[in-house]
Amino acid sequence: MLSSCQKKEEIKTTEQLSEDTLSQIRQLGFGTSDARKVDGGVVVEGDILLTNEMLSSKPDHSLVRVGQDEQYRTTNLVGGLPRVLTVSVSSQFPSGYVQAADEAIRRYNALGLRITMRRITSGTADLPITYSANLGPGVLGQSGGFPSNGNPAPGFKLAPSVIGSRSINNVATIMAHEMGHCIGFRHTDYFNRAYSCGGAYSNEGASSVGAILIPGTPSGADPNSWMLACIGSTGDRPFTANDQTALNYVY
């Protein structure tokens with residue numbers, strides 16, 4: 001099993017984070033067990049970049065309900081709706097990645113949301129998909145974080161050397177997952193990554209700001225959600241009915 005961002009086994013940080021940084025991560029509502037320092041900030045939950053700007057921000061501690069398996073979003077969402085978000089694919093990727101991006105975009109646009117996506121081949125995209133030779137052992141991809149100031153996170157990175165040879169739909173699922181982070185969604189199984197990744201119990205952390213229940217999504221497990229933390233090398237997760245409820249409620 002591989003996640004959208006890393007192998008099944010938890011990857012522990014190799015660089016000691018300061019207590020101030022750990023406190024900032026907790027205040028934003030995330031766990032610190034697998035937090036690791038990278039350029040520009042800290043990665044948590046395997047594939048979410050908390051930028052230095054986000055770490056220094058003051059979260060809005062509004063009351064929310066936190067359960068077990070429901071769909072969750074953050075307090076940070078994309079504003080200025082309706083809105084078209086442009087997507088670009090680095091020329092460093094194999095050609096199949098363009099097809100995968102188009103499929104991921106099609107899945108979002110088919111829902112008739114107030115956010116639509118469009119791939120561009122020139123200019124600066126809202127969601128650039130950039131190439132990385134190495135994001136760390138077993139790491140498939142890394143989002144640019146969550147929305148900030150009403151804008152989506154600035155795209156995400158993928159590591160083809162780790163992704164390897166996969167179907168278009170599998171790579172499209174990975175891309176749609178990272179796009180989900182970019183527009184404000186957390187992992188469906190943030191409460192216990194072992195649900196989709198296996199291994200030991202691992203709660204990614206939740207607080208009054210970090211994981212907001214989306215009304216209308218189930219209290220039971222959703223084994224095929226596009227925002228589950230892990231996916232196998234042959235899996236395909238188009239949006240489930242619960243995913244569609246979550247996306248339509250938010251956007």
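What follows is a walk through the predicted model, from its confidence to its cores. Residues are numbered from 1 along each chain as the sequence is written, and side-chain values use heavy atoms, with hydrogens and water left out. As this is a predicted model, local features need pLDDT of at least 70 and side-chain atom pairs count only at pLDDT 80 or more, while totals for chains, interfaces and linings use all residues.

Confidence comes as pLDDT, the predictor's per-residue score from 0 to 100; the protein averages 79, and 76% of the residues score at least 70. Over residues 60-70, pLDDT stays under 50, and residues 206-210 also stay under 50. Where pLDDT is low, the predicted coordinates should not be read in detail.

Seven helices and twelve strands turn up in the protein, counted as DSSP runs numbered from the N terminus (helices H or I, at least four residues; strands E, at least two). Of the 251 residues, 57% are buried, meaning under 20% relative accessible area with a 1.4 Å probe, protein chains only.

The largest nonpolar core (buried Ala, Val, Leu, Ile, Met, Phe, Trp, Tyr and Cys joined through side-chain atoms within 4.5 Å) has 40 residues, with Tyr108, Ile129, Met175 and Phe185 making the most contacts inside it. Elements supplying at least two of its residues include α3, β8 (127-131) and α7 (241-250), but α5 gives the largest share, seven residues. A second, separate core of 13 residues includes Leu17, Ile25, Leu28 and Ala35.

Back in α3, the buried residues include Gly96, Tyr97, Ala100, Ala104 and Tyr108.

Definitions and conventions
Contact = heavy atoms within 4.5 Å. Buried < 20%, exposed > 50% of the residue type's maximum accessible area, 1.4 Å probe, protein only.
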